[in-house]
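User: Please take a close look at the salt bridges in this model. I should like a connected account that sets the charged pairs against the burial and overall build of the chain.

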Amino acid sequence: MHIAVTGNIGAGKTTLTTMLSKHYGWEAQFEDVDHNPYLEDFYADMSKWSFALQIYFLGSRFRQVKEIRDSGKSVIQDRTIYEDAHIFAENLNDMELLTDRDFANYSSVFHLMKSFVSAPDLLIYLKSDVPNLVKKIYKRGRDYEASISIEYLSKLNQKYESWIAEYSEGKLLVIEVDDLDFVERPEDFGLILQRIETELHGLF
Ligand SMILES: Nc1ncnc2c1ncn2[C@@H]1O[C@H](COP(=O)(O)OP(=O)(O)O)[C@@H](O)[C@H]1O
Ligand SMILES: Nc1ncnc2c1ncn2[C@H]1C[C@H](O)[C@@H](COP(=O)(O)O)O1
């Protein structure tokens, strides 16, 4: 079984992925952030590093998808390959931080990879508004993320909303995280578990 958690920067994906992995005994796959060779440079100069970062994330995410398929285990994945292309790369192109030529080159590699990728059995979208994302990014305190602008987060949120509205690759669960505190309130975490179990009925 393949479960994926999707959502904007700071929505709580890593936190929820960790909690669900412990609760259900699913293997967790996290994003390549701490050892990412481009992320810090990207935030310092997006236009210069956007193509290199996108190719890096695409490769890293494709490797994860392959591992999930080969392992035969139940895996929960923190962010999907779809978001790299449909949210981040597209947004960078819209913002003219990724040239049309580089975006076309990137997209052709992405579409080739996508033909080898199966959608997760369940996609859990953590929906959050920009002020709450800002608070959580600040709380997490990664120095290089201090330069993330409200404009950047808002554009990403718009992309998420459009992409989720059209998502039809598999089961989808939308969780409005701003109304919940699944970290401090066990009853809120319980609500999320209930909704997951309803969606995955028959697969457990
Ligand atoms: N429901 C929540 N309640 C309180 N703090 C949260 C919650 N979800 C996430 N956080 C905190 O917000 C920050 C960002 O969360 P994280 O899981 O890293 O988000 P993401 O992986 O989506 O970027 C972390 O400091 C985390 O502890
Ligand atoms: N494809 C991506 N392009 C640009 N930035 C990305 C991409 N994937 C992840 N990121 C960034 C956003 C955050 O700064 C870190 C970690 O993501 P998070 O949503 O906090 O788990 O990587």
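Analyst: In this predicted model, buried residues account for 46% of the 204 residues in the chain. The surface that the chain exposes comes to about 10,500 Å², of which carbon and sulfur atoms supply 51%.

The chain is built from eight helices and five strands, and from the N terminus on these elements follow the order β-α-β-α-α-β-α-α-β-α-α-β-α. Its radius of gyration is 17 Å, close to the 17 Å given by the globule rule for 204 residues, so the chain is as compact as a globular protein of that length. The C-alpha trace spans about 45 × 35 × 30 Å along its principal axes. Of the contacts between residues at least 6 apart in sequence, 78% join residues at least 24 apart.

As to charge, the chain carries 22 positive and 34 negative charges, and the mean positions of these two sets lie 2 Å apart. The count of salt bridges comes to 14, with a salt bridge taken as a side-chain nitrogen of Lys or Arg within 4 Å of a carboxyl oxygen of Asp or Glu.

One of these pairs joins Arg 140 to Glu 145, with the closest N and O atoms 2.9 Å apart. The two partners fall into separate burial classes: Arg 140 is partly exposed, at a relative accessible area of 35%, whereas Glu 145 is buried, at 6%. The class of Glu 145 follows because buried means under 20% relative accessible area.

A further pair lies within a helix. Glu 151 and Lys 155 form a salt bridge with an N to O distance of 3.8 Å. Both belong to helix α7, which covers residues 150–166, and because they are four residues apart there, about one helical turn separates them. Glu 151 is partly exposed, with a relative accessible area of 46%, and Lys 155 is also partly exposed, at 29%.

Arg 185 and Glu 187 provide another salt bridge, at 3.3 Å from N to O. Here Arg 185 has a relative accessibility of 40% and counts as partly exposed, as does Glu 187 at 43%.

Beyond these pairs, salt bridges also link several residues into a network, whose members are Glu 31, Arg 61, Arg 79, Glu 83 and Asp 84.

Taken together, the three pairs described above include one buried partner, Glu 145, in a chain where 46% of the residues are buried.

Key:
Residues numbered from 1 in each chain as written. Chains lettered and ligands numbered in written order. Predicted model: local features only at pLDDT ≥ 70, side-chain atom pairs only at ≥ 80, totals over all residues. Heavy atoms only, no water. Helix = DSSP H or I, 4+ residues; strand = E, 2+ residues; numbered from the N terminus. Rg over C-alpha atoms; globule rule 2.2 N^0.38 Å. Buried < 20%, exposed > 50% of the residue type's maximum accessible area, 1.4 Å probe, protein only. Contact = heavy atoms within 4.5 Å. Areas by Shrake-Rupley, 256 points an atom, 1.4 Å probe, with all protein chains shown as cover. Lys, Arg positive; Asp, Glu negative; His and termini not counted. Charge placed at Lys NZ, Arg CZ, Asp CG, Glu CD.
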